[in-house]
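This report concerns backbone geometry in one protein chain. It deals with cis peptide bonds and with positive phi values outside glycine.

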Amino acid sequence: MTSPVVAEAEDLVRSGIQRVSAAESLDDLAELQTELLGKKSRLNAMRATLKDASPEDRKTLGRALNVSRTELEKSLKGRKAVITERVRRAALDAEQLDLTESLGRVRVGHVHPITQTWERLEDVFVGMGFSVEDGPEVETDWFNFEALNLPPSHPARSLWDTLYLDSSEIPGVAQEQLVLRTHTSPVQVRTMMRAVRESSGPPIYVVCPGRVYRRDTADATHLPVFHQIEGLVVDEGITMGDLSGTIEEFTKAYFGESLTSRLRPSYFPFTEPSAEVDISQSDGSWLEVGGCGMVHPNVLRHAGLDPERWTGFAFGFGIDRLAYIRHGVADLRDLVTNDMRFLEQF
Ligand code: PHE
C-alpha cells in the first residue's frame, strides 16, 4: 500500500509540472520555484516530518521526496530554457533594423541625364535601322589619327588637343603611340576592318557611342571628358543627299517635328566634303552639335575597302551637347559635378 506521504508527493509533482508548463514568464517561473521547492514549500515541510518516521519509512519517504524534488527541478529547468529562448527571439525581432525605413521620404534614383541621352540616341538610331558598335577608349595613334587620313605631323592634328599615355615602359610600343581617343571616329576604321574580315565588307550602318578625351579646361560649353556618338554608313551609291536626309530625319525623331538641322561647310581630314551640323533652337538661333561628311577615299583604303566601289558618310555628335539642348542645361559642368539638386530635375 502506498503511504499517504508518497501519494501526496506524487500529487505535488503532477500538479507542479502542470503549473510549470503553463508559466509564461521568467518571473512567474521564479515565483513557482520558490513556492514548489523553497524553504516554505510543502515539499520542505514534508521533509521536516521525516524525523518522526520509523527508520524504514524514513528511507522510502526520503527517496520519494528526493525524486519529487528532482522531477520538479527538471521541469523548471526545461521551461526556463523555453521561455529564455522565446525572450531572446523577441528581442532580436525588436532590434532588427528595418532598412526600408525612410522617415516618410522615399528617394527614388534614376539614370543620369547623359546616360538617358545616350540610350535615347541609340534607340532613335536603332529605329532608323542602325546597329550599335563600340571600341576602346585607349587607342593607338594609327586608329585615332593616321588611318583617318591624319599622318604624323599633319597640321590638322592640332584640332584635337590630345592626351598621350606614357608608354615608355610598355615593350615594343614607341612613345606617343597610345592616346586617350579624342573622338569616336577610330571606331569607324575598326568597324570597316571588321566588316572586311568577317563578312567581306559593307553594307555598314552603325552608330558608335562612347567616351572621349581632350586636353581641355572645363567651361560652360566644354568638358575634358565627354561623349560622342559616331555614325557610319558605307554602301554602294551613298551620296551627300543620304547624309543630309539622315541627319534631318534624326533631328525630327530625337527633338520633334518643330526642330530642324542644317549643314555648314567645314573641314575634317577624314571626310570630303565636310560640314558642321547645327540644330535650330526654339529662339531661332543655331547650336553646333557635331561634324559630318563623306568618308574620305583614303580612310576607306586604310580600312581595306575599294573607294571605286564603296562610298559612305560619317557623322559625330556630342552626346553631352545634345543633352544640353534637350534639357536646357546652362552649363555642361553641372552634368558631371554630381549635385543631387541639379540631377534630381531630370
Ligand atoms: N570626329 C570629329 C570630331 O570629333 C567629328 C566628325 C565625325 C566629323 C565624323 C566628321 C565625321 O571633331
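The following paragraphs describe the backbone features and where they lie.

The model is predicted. Two peptide bonds are described here, one preceding P203 and one preceding P273.

**Cis peptide bonds**

P202 and P203 are joined by a cis peptide bond, with omega at about 5 degrees. P203 belongs to the loop that runs between α7 (186–199) and β4 (204–213). A cis peptide bond also links E272 to P273, and there omega is about -5 degrees. P273 is placed within a strand, namely β7, which spans residues 271–280.

| Cis peptide bond | Omega |
|---|---|
| P202 and P203 | about 5 degrees |
| E272 and P273 | about -5 degrees |

**Positive phi values**

S153 has a phi near 70 degrees, which is positive although the residue is not glycine. This serine is located in the loop between α6 (141–144) and β3 (178–180). Is S153 buried or exposed? With a relative accessible area of 73%, S153 is exposed, since the cut-off for that class is over 50%.

E176 is likewise a residue other than glycine with a positive phi, in this case near 60 degrees. The loop between α6 and β3 also holds E176. Its relative accessibility is 48%, so E176 counts as partly exposed; that class lies between under 20% for buried and over 50% for exposed.

In summary, the loop between α6 and β3 contains S153 and E176, whereas P203 sits in the loop between α7 and β4 and P273 in strand β7.

Terms used. Residues numbered from 1 in each chain as written. Predicted model: local features only at pLDDT ≥ 70, side-chain atom pairs only at ≥ 80, totals over all residues. Heavy atoms only, no water. Helix = DSSP H or I, 4+ residues; strand = E, 2+ residues; numbered from the N terminus. Buried < 20%, exposed > 50% of the residue type's maximum accessible area, 1.4 Å probe, protein only.
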